[in-house]
Amino acid sequence: MARRPQNAALLALHPPKYPPLETIPDNRVYVSRDRAANFVKDFVRFAHGKVVSDDQHADAGEIGRPGQEYRRIRIASLFGNMQVLVTDGHLPYPFGHEVTGYQVRDLAATLEKAKAAGAKIVSAPYTLKDRTTTILEFPGGYIAEVHSLAAH
């Protein structure tokens, strides 16, 4: 009979307790113009979600193409938040390599902590109407978008 490690036994008796997440991460999905409508319709139906915004003229600086526009669709569902980025597929690195976005309270403080932990800023902070966003690459190659909402 295999013996459980002492740590596993302790965890079974005293499972860790984590505080609830302050914000829900965004899944980031890049789709082509000709697939966007079907993707959104099918995902919303599957996930029992709803489209919370559909900006046909979003600032493409958010995806590394300042001075241009693109379509950004935001969906909320029981599976979490999703940001659908509708593009022609021509994206500068690192855009399209990140699949998750994280909202933080203080972007500047978060960037300092991330850099101290070895993360690199691979896309400089970019300010939009409702948020400031940046892309980080963490040790090991994980790439993620990080943003904070604009103060109102």
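In the predicted model, Phe46, Leu78 and Phe79 form a nonpolar surface patch of about 410 Å². Leu78, one of the contributors to this patch, is placed in the loop that links strand 3 (69–77) to strand 4 (80–87). The relative accessible area of Leu78 is 78%, and the residue is therefore classed as exposed. The connection between strand 3 and strand 4 is a hairpin of two residues.

The two strands flanking this hairpin run antiparallel and are joined by seven bridges. One of the residue pairs across them involves Arg74, whose bridge partner in strand 4 is Gln83. Strand 4 also pairs with strand 1 (residues 26–32); here the strands run parallel, and seven bridges join them. Within this parallel pairing, Asn27 has Met82 of strand 4 as its bridge partner. Strand 4 is mostly covered, with seven of its eight residues buried. In a regular strand, side chains alternate between the two faces of the sheet.

Arg74, a residue of strand 3, has a relative accessibility of 13%; because this value lies under 20%, Arg74 counts as buried. The side chain of Arg74 makes a polar contact of 2.9 Å with the side chain of Asp130. When neighbours within four places in sequence are set aside, the residues in contact with Arg74 are Lys50, Val51, Val52, Ser53, Glu62, Met82, Gln83, Asp130 and Arg131. Two members of this list recur in the strand pairings: Gln83 is the bridge partner of Arg74 itself, and Met82 is the bridge partner of Asn27.

Charged side chains were examined next. Side chains of opposite charge can pair when their charged atoms come close. The structure as a whole contains 10 salt bridges. One of them joins the side chains of Arg71 and Asp54, with an N to O distance of 2.7 Å. Arg71 belongs to strand 3 and Asp54 to strand 2 (residues 50–59), so this pair ties together parts that are 17 residues apart in sequence. Both partners are partly exposed: Arg71 has a relative accessibility of 23%, and Asp54 has a relative accessible area of 35%.

A further salt bridge is formed between the side chains of Asp88 and Arg65, at 2.8 Å from N to O. Asp88 is located in the loop between strand 4 and strand 5 (100–103), whereas Arg65 is located in the loop between strand 2 and strand 3; the pair therefore ties together parts that are 23 residues apart in sequence. The two partners fall into separate accessibility classes, since Asp88 is partly exposed at 33% relative accessibility while Arg65 is buried at 18%.

Within helix 3 (residues 107–116), Glu112 and Lys115 are three residues apart, which means that about one helical turn separates them. The side chains of these residues, Glu112 and Lys115, meet in a salt bridge with an N to O distance of 3.2 Å. Glu112 is partly exposed, its relative accessible area being 48%, and Lys115 is likewise partly exposed, at 40% relative accessibility. Elsewhere, Asp55, Glu62 and Arg72 are joined into one network by salt bridges that share partners. Glu62 is also among the residues in contact with Arg74.

Two features of backbone geometry were noted in loops. The peptide bond joining Tyr93 and Pro94 is cis, with omega at about 15°. Pro94 is situated in the loop between strand 4 and strand 5, the loop that also holds Asp88. The second feature concerns His48, a residue other than glycine with a positive phi, near 55°. His48 is positioned in the loop between helix 2 (33–47) and strand 2. With a relative accessible area of 67%, His48 is exposed.

How values were computed: Residues numbered from 1 in each chain as written. Predicted model: local features only at pLDDT ≥ 70, side-chain atom pairs only at ≥ 80, totals over all residues. Heavy atoms only, no water. Patch = residues over 30% accessible without salt bridge, like charges linked within 9 Å, V, L, I, M, F, W, Y side chains within 5 Å. Areas by Shrake-Rupley, 256 points an atom, 1.4 Å probe, with all protein chains shown as cover. Salt bridge = Lys/Arg side-chain N within 4 Å of Asp/Glu carboxyl O. Helix = DSSP H or I, 4+ residues; strand = E, 2+ residues; numbered from the N terminus. Buried < 20%, exposed > 50% of the residue type's maximum accessible area, 1.4 Å probe, protein only. Polar contact = N/O pair within 3.5 Å; in protein donor to acceptor, adjacent residues only side chain to side chain. Contact = heavy atoms within 4.5 Å. Pairing = 2+ DSSP bridges.
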